[in-house]
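Subject: Structure for you, with notes

Hi,

Here is the structure I promised to send over. Please have a look at it first, and then read on for my notes.

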Amino acid sequence: MSLIEVKVPDIGDYKNVPVIEVHVKPGDAVRRDDPLITLESDKAAMEVPAPEAGKVAEVLVKVGDTVSEGSAILKIASAPDALTAPPAETTEAPFAPAPSAAISAPSLETRTNPAHFPLPAGMDVGNVHASPAVRRLARELDIDLTRVAGTGEKGRITKDDVRRALVGSAPQGGAGIPEIPAQDFAKFGATEIRPLSRLKRLSGPHLHRAWLNVPHVTHMDEADISDLESYRRTLDAAAKEKGYRVTLLAFLMKASVVALKEHPEFNASLAPDKENLILKRYYNIGFAVDTPDGLVVPVIRDVDRKGIIELSQELGAVSEKMRAGRIAPADIQGGTFSISSLGGIGGTSFTPIVNAPEVAILGVVKSVTKPKWDGAAFQPRLMLPLCLSYDHRVIDGALAARFTRRLADIVEDVRQLVL
Amino acid sequence: MAVVDVCVPEIGDLQNEPITCDVVVLGAGPGGYSAAFRAADLGLKTVLIERNPVLGGVCLNVGCIPSKALLHVAAVMEDARHLGKHGITFAKPKIDLSALRAHKDAIVAKLTSGLSAMAKARKVQVVQGTGTFRDPHHIEIALASGGTSFVKFEKAIIAAGSEAIRLPFLPVDARIVDSTGALALPQVPERMLVIGGGIIGLEMATVYAALGTRIDVVEMLDGLMAGADRDLVRAWQKHNASRFNRIMLKTKTTAAEARTDAIYVHFEGEAAPSSAEPYDMVLVAVGRAPNGARIGAEKAGITVGDHGFIAVDRQMRTSVPHIFAIGDIVGQPMLAHKAVHEGHVAAEAAAGKKTVFDARQIPSVAYTDPEIAWTGRTEDEMKKEGRRFAKAVFPWVASGRAISMGRDEGFTKLLFDAETHQVIGGGIVGKHAGDLVSEIALAIEMGSDATDIGKTIHPHPTLSETIGMAGEVFEGVCTDLPPSANLGPHRP
């Protein structure tokens with residue numbers, strides 16, 4: 001049998017991702033593709049599966065450790081027969097316990113080579129870019145400088161970086177925002193503590209960042225979707241038989257691409273120097289999905305190259321995957337514009353938060369039949385409220401009005417989609 | 001590892017109660033007194049054991065300080081002589097050796113008495129005597145005043161230093177001295193041999209040359225001042241070509257006979273004279289050996305290496321975790337400033353502080369004429385390792401200040417990491433190089449790069465400017481040299 005070192009596979013463009021769960025311990029038998037550990041990235045949790053069957057010889061990470069692509073996480077002893085053997089097979093020789101269990105208190109006799117004395121954590125900082133004063137502060141606070149990102153010039157680690165590392169928060173720009181003071185609610189009545197879901201804990205800071213950084217304006221309009229709706233119903237009836245649905249969202253996505261192509265400022269991001277606009281030549285549209293665990297915004301790639309049928313099928317599959325909690329980092333990356341639809345629930349309008357670094361997001365609520373004057377009489381028309389939030393640093397009000405109007409025009413006459 | 005004998009029946013036989021303390025420091029050189037003072041400042045009850053009647057160790061009493069007092073005198077004499085070229089001629093100097101000796105001794109006395117006062121102010125108990133370990137928690141002291149005493153300690157810091165290496169084949173004679181003997185200024189010999197071309201030997205050679213002695217230097221290796229980059233040493237050697245009589249490299253001293261008229265020394269090797277040479281004084285400066293084998297370390301269970309060095313970790317802990325060691329006794333470089341920093345680390349670690357010796361550079365200075373100073377990585381060492389680096393040099397012939405002083409033989413060299421352009425080393429040869437090198441030391445510790453140094457305004461006209469300009473040379477923006485001398489990304 002041989003020892004295989006299991007490494008973190010390609011997990012998208014993430015580094016230093018925390019381990020949130022370790023599913024195995026030394027001695028456990030695993031089958032190929034059994035989950036070994038769970039990692040938490042920006043908004044998704046992902047499992048690292050066993051590359052092949054065997055027995056866990058050693059676990060190299062624990063909950064709370066951070067890993068990147070290529071980090072060793074554990075060692076599996078593979079035996080050729082283990083591939084077929086049932087997982088409960090225990091005929092193999094027992095494995096040595098993890099090394100952490102074998103470390104005993106240092107005794108006089110064992111400490112013969114002082115060069116190998118363990119130093120307290122974070123004391124050997126190698127060549128990190130930090131001055132002696134910063135190195136000293138880090139030692140006093142037990143901060144491992146090799147794990148601190150420097151915000152100073154040329155990546156120099158500053159005292160502030162060390163202090164921030166101590167409170168465990170990422171560096172924040174701008175003036176400190178006063179905290180909401182803690183209150184003892186129990187004084188007023190019974191309370192209970194319910195932990196936020198992991199998704200909420202992850203999406204919270206992202207939404208907060210976007211809300212604080214982006215000067216938001218929301219523009220409201222409405223589109224007459226009476227004709228679209230009847231066309232959609234026809235398509236949907238046919239689709240149902242084939243096991244998928246055609247929703248308004250697919251049309252909104254296609255219409256958005258047309259409007260985005262005509263207004264490239266909306267398919268863009270502000271460069272970090274805030275002096276340039278990065279225009280994107282691809283059209284990946286995110287859509288907000290309400291899952292039992294919280295909000296997720298999966299991204300549909302290359303919407304401009306997909307038809308309504310293909311989009312509808314993909315939307316169905318992705319939503320299903322998100323609700324099941326099987327979210328891979330690649331599913332939620334690379335968006336250029338987002339749509340948040342509350343149409344199935346209700347409401348007359350709302351102000352969605354721009355999914356920064358994108359610069360605009362379209363919110364839609366429930367369509368309502370309204371009397372519309374056609375020049376001679378009021379006609380009952382199905383009207384869809386559109387709420388476009390945008391980054392006012394990039395987009396002006398007039399442009400936003402034009403964009404939204406154009407979007408409405410397209411959905412009012414979907415024949416334009418084929419032009 | 002030896003089994004530690006923890007039964008100490010002898011302690012019970014003492015006529016005196018042992019002195020108890022939190023920390024005992026063995027040796028009061030710069031490392032030892034710094035460790036003791038820091039420990040006391042951290043609130044620990046501290047005892048300092050020193051065999052000499054005064055504090056300060058070799059450095060203050062018979063090393064750095066007295067040698068600098070004499071080198072200063074030598075430099076002024078040299079400068080005065082030099083002024084002859086500029087139209088100012090002084091009378092030939094008269095040397096009153098006993099007055100010079102008294103001047104040097106007064107300087108030493110001033111500093112050592114200051115130390116005693118500082119020990120008192122910190123309530124550090126100084127015990128004069130020779131301390132040796134009896135077990136992991138006791139040191140026996142053979143008191144200078146007679147009798148013995150014991151110290152019972154929680155933690156100990158060994159700072160017992162080093163001693164000049166003797167050459168066993170040399171006869172015992174008052175004219176054959178080590179650095180301590182040479183600093184005592186017993187005479188101004190007509191002919192003097194310095195055995196060993198290291199920093200200590202060459203500093204003493206510089207002093208005696210200024211006093212009028214004709215000096216030969218003999219060195220076994222193929223170069224002087226081992227450890228310094230060769231380009232620095234070459235500049236020194238060129239300036240000193242006429243100061244010394246003979247510099248014999250790759251040559252060994254094989255024997256010496258003490259006759260009444262002189263010490264006759266036999267040599268062997270590349271530059272050896274054909275017959276024995278007569279000298280009025282012979283200085284043996286072939287290095288220093290640590291005192292690790294003289295302190296009863298084995299009784300405390302401390303591992304001592306073959307050459308008398310005590311191995312320590314980066315908190316200065318020996319193989320016995322509550323006993324620390326610092327300074328010359330733990331390894332090269334044997335320098336007071338290294339020992340002081342190690343002493344602070346040991347004292348802080350003994351007081352339970354989170355601390356570690358993490359210096360990225362330890363400067364070395366030869367207080368010769370011109371001075372040579374270097375710190376961080378050296379060019380020669382990196383070439384040997386095959387490490388990629390970049391370098392920039394500013395020659396002092398382009399320094400207004402150096403020219404004004406009539407001393408433009410030097411240069412300033414900075415060494416950079418090839419990737420990050422951070423300063424990782426540097427060397428200076430020239431007047432006041434030892435004072436100038438501190439800027440390079442700070443640059444290395446701060447992780448500064450060439451731009452940081454070049455963009456820092458240095459005062460004009462100074463020698464320190466040459467460091468800023470070396471940074472500019474690297475960047476290619478120096479306007480005090482021809483454009484072709486500029487390197488780097490912005491090269492004209």
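Let me start at a turn in the backbone: Gly212(B) comes after helix α7(B) and has a positive phi, near 110 degrees. Please keep in mind throughout that this is a predicted model.

**The buried helix in chain B**

The helix that Gly212(B) follows is worth a closer look. Helix α7(B) covers residues 199–210, and its 12 residues should span 16 Å at 1.5 Å a residue; the C-alpha atoms at its ends are 17 Å apart, so the two values agree. How many of the residues in α7(B) are buried? The count is 12 of 12, so to speak of a mostly covered helix is fair. The buried residues include Ile199(B), Leu202(B), Met204(B), Val207(B) and Tyr208(B), and also Glu203(B) and Thr206(B).

What do these buried residues pack against? Their partners, in chain B, are the helices α4 (64–82) and α6 (179–183), together with the strands β8 (191–195), β9 (214–218), β14 (281–284) and β17 (364–366).

**A five-stranded sheet in chain B**

Strand β17(B) turns up again in an open sheet of 5 strands, with antiparallel pairing and the order β17-β18-β21-β20-β19 in chain B. The edges are formed by β17(B) and β19(B) (389–395), each of which pairs on one side only. From one strand to the next, the twist averages 10 degrees. A helix also packs on this sheet: α15(B), residues 465–475, touches β19(B) and β20(B) (411–417), and its direction makes about 130 degrees with that of β19(B).

At the other edge, β17(B) pairs with β18(B) (residues 371–376) in the antiparallel sense over 3 bridges. Within that pairing, Ser364(B) has Trp374(B) in β18(B) as its bridge partner.

**A hairpin and its neighbour**

Also in chain B, strands β11(B) (251–258) and β12(B) (263–269) are antiparallel and are joined by 7 bridges. They form a hairpin, with 4 residues between the two strands. One of the bridge pairs is Lys252(B) with Glu268(B), the latter in β12(B).

Strand β12(B) also runs antiparallel to β13(B) (residues 277–279), through 3 bridges. There, Tyr264(B) stands opposite Pro278(B) of β13(B).

Leading into the hairpin is a residue with a less usual label in my notes: Lys250(B) is not a glycine, yet its phi is positive, near 50 degrees. Lys250(B) sits in the loop between β10(B) (246–248) and β11(B). Is Lys250(B) buried or partly exposed? It has 14 other C-beta atoms within 10 Å, so it counts as partly exposed.

**Chain A**

Chain A has 8 helices and 19 strands. Of its 419 residues, 29% are buried. If you take the contacts in chain A between residues at least 6 apart in sequence, 63% of them join residues at least 24 apart.

One helix pair in chain A caught my eye. The axes of α6(A) (residues 248–262) and α7(A) (residues 308–323) come within 9 Å and cross at roughly 120 degrees. That angle is why α6(A) is called oblique to α7(A). The crossing of α6(A) and α7(A) is right-handed. Where they meet, α6(A) brings Leu249(A), Ala250(A), Phe251(A), Met253(A) and Lys254(A), while α7(A) brings Ile308(A), Leu311(A), Ser312(A) and Leu315(A).

Chain A has a lysine with positive phi as well: for Lys154(A) the value is near 55 degrees. Lys154(A) is in the loop between α2(A) (132–140) and α3(A) (159–167). It counts as partly exposed because it has 14 C-beta neighbours inside 10 Å.

**Cis peptide bonds**

Finally, two peptide bonds to look at, each leading into a proline:

- In chain A, the bond from Ala356(A) to Pro357(A) is cis, with omega near 5 degrees; Pro357(A) is in the loop between β16(A) (337–341) and β17(A) (360–364).
- In chain B, the bond from Gln332(B) to Pro333(B) is cis, with omega near -10 degrees; Pro333(B) is in the loop between β16(B) (323–325) and α10(B) (336–350).

Happy to talk it over whenever suits you.

Best wishes

Terms used: Residues are numbered from 1 along each chain as its sequence is written. Chains are lettered from A and ligands numbered from 1 in the order in which they are written. This is a predicted model: local features need pLDDT of at least 70, side-chain atom pairs count only at pLDDT 80 or more; totals for chains, interfaces and linings use all residues. Two strands pair if DSSP finds at least two bridges between them. The expected span of a helix is 1.5 Å times one less than its number of residues. A residue is buried if 20 or more other C-beta atoms lie within 10 Å of its own, exposed if 12 or fewer, and partly exposed in between; C-beta atoms are placed from the backbone. Two residues are in contact if their C-beta atoms, placed from the backbone, lie within 7 Å. Axes are lines fitted to C-alpha atoms, for helices over the stretch in contact, and angles run from 0 to 180 degrees between N-to-C directions. Angles under 35 degrees count as roughly parallel, over 145 as roughly antiparallel, 65 to 115 as roughly perpendicular and the rest as oblique. A crossing is left-handed if the near helix is turned anticlockwise from the far one by less than a right angle, and right-handed if clockwise.
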